[in-house]
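Thank you all for coming; I would like to take a few minutes to walk through one model with you. Please have the structure open while I talk, so that you can follow along.

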Amino acid sequence: MNFLEEIKLYKPQSEEEKKQKEIMLQHIVMFYDTISYRNSMLFHMTASAMILNENKDKLLMIYHKIYQSWSWVGGHADGETDLQKTALREAQEETGVSELKPCGNIISLDILTVEGHYKNKEYVCPHLHFNVTYCFIASEKSKLILNKEETEAVAWIPISELCKYCKEEKMIPIYQKIIKRIKNNV
């Protein structure tokens, strides 16, 4: 299923998500041919994976080079129209875990602001990520592989200690919202 169809089917769980879904759909329809590519510099589609262990008390996270904080995994659609495939690909590339069990459809929609920054010595202007999040379950026994191009570390983080690890304050409420949904639905 392509991301336009999947987002249309998604039932927002808050007023914020309802508004974000409206904005996403409006822009996806207007810019369908370009929005899944990051060269659409003002806004583009991204997908994230919230990976929990089997007991749902730990998150598999990466230490993000740009944000200098522990973060979920994910990335740009780069032309992919199935965003769950994007989230899965990014999760495998960034953690090395090959056995990831999907937990259904979209768990969250979020429009994320990205501050201007340098990546690979090139300036990236501020922009928006139209982000779709999926949940995956993985075994803590899975072999983790550090992808040095993307991250500085990969580890299982206790959910109860998330606020100690995540230094991006704007992300903590998003992570907490998603964790609550996962625990209630999976």
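I will go from one helix to the cores, then to the aromatic residues, and finish with a few individual positions. Please keep in mind throughout that this is a predicted model.

Let me begin with helix α2, which covers residues 15-30 and has 16 residues. At 1.5 Å a residue this helix should span 22 Å, and its end C-alpha atoms are 23 Å apart, so the expected and the modelled values agree. Its buried residues are E17, Q20, K21, M24, L25, H27 and I28, and you will notice that this list holds E17 and K21 as well as L25 and I28. As for what lies over these buried positions, the cover includes helix α1 (3-9) and helix α5 (172-185), together with the strands β1 (43-52), β6 (108-114) and β9 (127-137).

From the side of α1, the residue I would pick out is L4, which sits in that helix and counts as buried because its relative accessibility is 16%, where the cut-off is under 20%. Leaving out residues up to four places away in sequence, L4 touches L25, I28, V29 and Y32, and two of these, L25 and I28, are in the list of buried residues of α2. There is also a long-range relation to mention, since the C-alpha atoms of L4 and D82 are separated by 9.4 Å while the two residues are 78 residues apart along the chain.

That brings me to the nonpolar cores. In soluble globular proteins, nonpolar side chains tend to be buried together. Here the largest nonpolar core has 31 residues, and those with the most contacts inside it are I7, I28, M45, I51, L83 and V132. The elements that give two or more residues to this core are α1, α2, β1, β2 (58-64), α3 (83-95), β9 and β10 (151-158), and of these β1 gives the most, with 5 residues. What does M45 contact, once its neighbours within four places in sequence are left aside? The contacts of M45 are F3, I7, I28, I35, S36, H76, A77, L83, F130 and V132. Apart from this core lies another one, of 22 residues, among them I107, L112, I157 and M171.

Turning now to the aromatic residues, a search of the whole structure finds 7 aromatic pairs. One of them joins Y63 and W70, whose ring centres are 5.5 Å apart with 75 degrees between the planes, an edge-to-face arrangement. W70 is buried, with a relative accessible area of 13%, and W70 also pairs with Y165, where the centres are 6.1 Å apart and the planes stand at 80 degrees, so this pair too is edge-to-face. The second of these pairs links distant parts of the chain, for W70 is in strand β3 (residues 69-71) and Y165 is in helix α4 (residues 162-165), 95 residues apart. Y165 itself is partly exposed, with a relative accessible area of 28%. Elsewhere, F31, F43 and F130 form one aromatic cluster, and F130 is a residue we have already met among the contacts of M45.

I will close with some individual positions, starting with two that are buried. T151 lies in strand β10 and is buried, with a relative accessible area of 1%; leaving aside neighbours within four places in sequence, T151 is in contact with I62, Y63, K65, E94 and L146. N53 is placed in the loop between β1 and β2, and at 1% relative accessibility N53 counts as buried. Residues up to four places away aside, N53 touches K58, I137, A138, E140 and W156.

Which backbone angle deserves a second look at D78? D78 has a positive phi of about 50 degrees although it is not a glycine; this residue is found in the loop between β4 (73-76) and α3, and at 37% relative accessibility D78 counts as partly exposed. N120 likewise has a positive phi, near 50 degrees, in a residue other than glycine. N120 is found in the loop between β7 (117-119) and β8 (122-124), and at 72% relative accessibility N120 counts as exposed.

Note on methods
Residues numbered from 1 in each chain as written. Predicted model: local features only at pLDDT ≥ 70, side-chain atom pairs only at ≥ 80, totals over all residues. Heavy atoms only, no water. Helix = DSSP H or I, 4+ residues; strand = E, 2+ residues; numbered from the N terminus. Expected span 1.5 Å × (residues − 1). Buried < 20%, exposed > 50% of the residue type's maximum accessible area, 1.4 Å probe, protein only. Contact = heavy atoms within 4.5 Å. Core = buried A, V, L, I, M, F, W, Y, C linked by side-chain atoms within 4.5 Å. Phe/Tyr/Trp six-rings, centres within 6.5 Å; stacked < 30°, edge-to-face > 60°.
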